Amino acid sequence: MGQMRNCSRWLSCEELRKEVRQLRRIGEGAVKRVFLSEWNEHKVALSRLTGLEMKDDFLHGLQMLKSLQSEHVVTLVGYCEEDGTILTEYHPLGSLSNLEATLNLPKYQDVNTWQHRLQLAAEYVGIINYLHNSPLGTRVMCDSNDLPKTLSQYLLTSNFSIVANDLDALPLVDHDSRVLVKCGHRELQGDFVAPEQLWPYGGERPFQDDIMPSYDEKVDIWKIPDVSSFLLGHVEGSDMVRFHLFDIHKACKSQIPAERPTAQHVLDTYRKVLHSLRDTVMSQTKEML
């Protein structure tokens, strides 16, 4: 974490109570309130359970955090189940929804390029791919019913990478056992969610959760083009990137889930486009010189 050179075990309840100093609230969701805090001269994020009725979601998120620690997920520093607290690494740039405001700051002008933005999009797809092939099986990123909600699940690190931060809703798909998922118990609407997440009976009959069909991880693939478009923004070269990603994004938007590519296939395509466009730009620059 940060400049630390040695690995330490996760902090215990006693250590969290004694050694962590809460400073100010920096975020709040249905499950947790998040406070900027200090531990051992490190800035950290302390998440507190909002209420006992959300404890199952909170404990699920904690279990996911513990089991999925990797370059794709925010670093867990400690936790205390009995107090309903989780301590994680603090990332001052905040959630991915702040990307445009951050990149528009003068000090970040040099990273506000199509290359860096496409790299971010590739990292986002890399996280989805990790969740679909995780040590805990195929996990679906369910807290993603619109673009702002989706972006709020990820943090932008100081070296301009992306890490998943909120893992409270990661249900399991198991194709072998025919276990599928539903993201919540209410009716979903809008173009952002996949077609199979919409109530299939329209206005003919009112929504009933028990007869709403379940679905698999391909709902995450449907959303990739929209998230990537946000990440690419409108800088010089971003339309060129969109053109090169047109075919894979069209495949992601297939109405038939089974026809959508895997996250690994999308990631391979993104990396291929990134490298080929970089090589083209470099050779053009040499020719100009």
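Two strands count as paired here if DSSP finds at least two bridges between them, where strands (E, at least two residues) and helices (H or I, at least four residues) are DSSP runs numbered from the N terminus. The model is a predicted one, in which local features need pLDDT of at least 70 and side-chain atom pairs count only at pLDDT 80 or more, while totals for chains, interfaces and linings use all residues. Residues are numbered from 1 along each chain as its sequence is written, and side-chain values use heavy atoms, with hydrogens and water left out.

**First stop: the strands**

Select β2 and β3, which pair in the antiparallel sense over 8 bridges. The hairpin that they form has 2 residues between the strands, and within this hairpin Asn40 takes a positive phi near 55 degrees. To follow the register of the pair, pick Ser37 and find Val44 of β3 standing opposite.

Add β1 (20-28) to the selection, since 7 bridges join β1 to β2 and the two run antiparallel. A hairpin through 3 residues makes the connection between β1 and β2, and Glu28 stands opposite Arg33 in β2.

Now move from β3 to β5 (85-89), where 5 bridges hold the two strands in an antiparallel arrangement. Leu46 stands opposite Leu87 in β5. On β5 there is also pairing with strand β4 (residues 76-80), antiparallel and joined by 4 bridges, and here Thr88 of β5 is the bridge partner of Leu76. The hairpin of β4 and β5 has 4 residues between the strands, and Gly84 in its turn has a positive phi of about 65 degrees. Colouring by accessibility is informative at this point: 5 of the 5 residues of β5 are buried, so β5 is largely enclosed by the rest of the structure, with buried meaning under 20% relative accessible area, exposed over 50%, and partly exposed in between (1.4 Å probe, protein chains only).

**Second stop: the pockets**

Pockets and cavities are found on a 1 Å grid over the protein atoms alone: a cavity is a set of points where a 1.4 Å probe fits but cannot get out, a pocket is an open set with protein on both sides within 12 Å along at least five of seven lines, and lining residues have an atom within 4 Å of a point. Grid points are joined across faces, edges and corners, and a volume is the space filled by probe spheres set on the points.

The largest pocket holds about 1,200 Å³ of space. Of its 47 lining residues, those to select for its centre are Asp143, Lys149, Gln153, Asp166 and Asp168, which are the closest to it. β1, β2, β3, α2 (55-67) and β5 each supply at least two residues of this lining, and α2 gives the most, with 5 residues. The lining of the largest pocket divides into 19 nonpolar, 17 polar and 11 charged residues, where Ala, Val, Leu, Ile, Met, Phe, Trp, Tyr, Cys and Pro count as nonpolar, Asp, Glu, Lys and Arg as charged, and the others, Gly among them, as polar.

For the second largest pocket, of about 440 Å³, select Glu71, His72, Glu123, Ser161 and Ile162, which lie nearest its centre among 23 lining residues. Two or more residues of this lining come from each of α4 (114-132), β8 (162-164) and α9 (263-288), and the largest share, 5 residues, is from α4.

**Third stop: helix α6 and the cavities**

Helix α6 comprises 15 residues (218-232) and should span 21 Å at 1.5 Å a residue, which agrees with the 22 Å between its end C-alpha atoms; the expected span is 1.5 Å times one less than the number of residues. Centre on Ile224, where a kink of about 35 degrees lies shortly before the proline Pro225, the bend at a residue being the angle between axes fitted to the seven residues ending there and the seven starting there. Because 12 of the 15 residues of α6 are buried, the helix is largely enclosed by the rest of the structure; Trp222 and Leu231 are among the buried ones. Just after α6, Gly233 takes a positive phi of about 65 degrees.

From α6, turn to the second largest cavity, with about 40 Å³ of space, to whose lining α4 and α6 each supply at least two residues. Its lining is Tyr124, Ile128, Met141, Ser144, Thr150, Tyr154, Asp220 and Lys223.

Finish at the largest cavity, which has a volume of about 60 Å³; Arg186, Gln197, Phe207, Met212 and Tyr215 lie nearest its centre, among 13 lining residues.
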